[in-house]
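Take a look at the model below and turn it around a few times. Then let's walk through what can be read from it.

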Amino acid sequence: MGSSNLPVSSAELKKYWVEMQYCIDFALCNRSLMMQRIQEMLTDALPGIAF
């Protein structure tokens with residue numbers, strides 16, 4: 001049975017790493033936008049609420 005790991009210096013691992021970083025960045029941006037929208041909705045529904 002062979003190893004499923006990519007060698008650290010391989011081009012494939014570098015491509016994988018770039019794609020995973022893109023996914024992380026997208027997820028963080030998406031969560032930030034969702035929280036901003038939720039805060040806007042709460043502010044509209046509950047005037048005077050503080051965050």
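## A nonpolar patch

M34, M35, I38, L42, L46, I49 and F51 together make a nonpolar surface patch of about 640 Å². To join a patch, a residue needs over 30% relative accessible area and no salt bridge; nonpolar side chains (Val, Leu, Ile, Met, Phe, Trp, Tyr) are linked within 5 Å, like charges within 9 Å. A salt bridge, by the way, puts a side-chain nitrogen of Lys or Arg within 4 Å of a carboxyl oxygen of Asp or Glu. The areas come from the Shrake-Rupley method with a 1.4 Å probe, and for residues only the protein chains shown count as cover.

One patch member, L46, sits in the segment after α1 (11-45). Is L46 buried or exposed? Something in between: L46 counts as partly exposed because its relative accessibility is 43%, given that buried means under 20%, exposed over 50%, and partly exposed in between (1.4 Å probe, protein chains only).

## What kind of model this is

This is a predicted model, where local features need pLDDT of at least 70 and side-chain atom pairs count only at pLDDT 80 or more, while totals for chains, interfaces and linings use all residues. Residues are numbered from 1 along each chain as its sequence is written, and side-chain values use heavy atoms, leaving out hydrogens and water.

## The chain as a whole

How many helices and strands are there? The chain has one helix and zero strands, counted as DSSP runs numbered from the N terminus (helices are H or I, at least four residues; strands are E, at least two). The chain's radius of gyration is 20 Å, well over the 10 Å that the globule rule gives for 51 residues, so the chain is more spread out than a compact globule. That radius is taken over C-alpha atoms, and the rule is 2.2 Å times the number of residues to the power 0.38.

Along its principal axes, the C-alpha trace spans about 60 × 20 × 10 Å. Buried residues are just 4% of the 51 in the chain. About 4,900 Å² is exposed, with carbon and sulfur atoms supplying 65% of it.

## A few residues to find

S4 lies in the segment before α1 and counts as exposed, because its relative accessibility is 71%. From S4 to D44 it's 40 residues in sequence and 51 Å in space, C-alpha to C-alpha.

Now look in helix α1 for M20, which is partly exposed at 33%. F26 is in helix α1 too, and F26 is exposed, with a relative accessible area of 54%.
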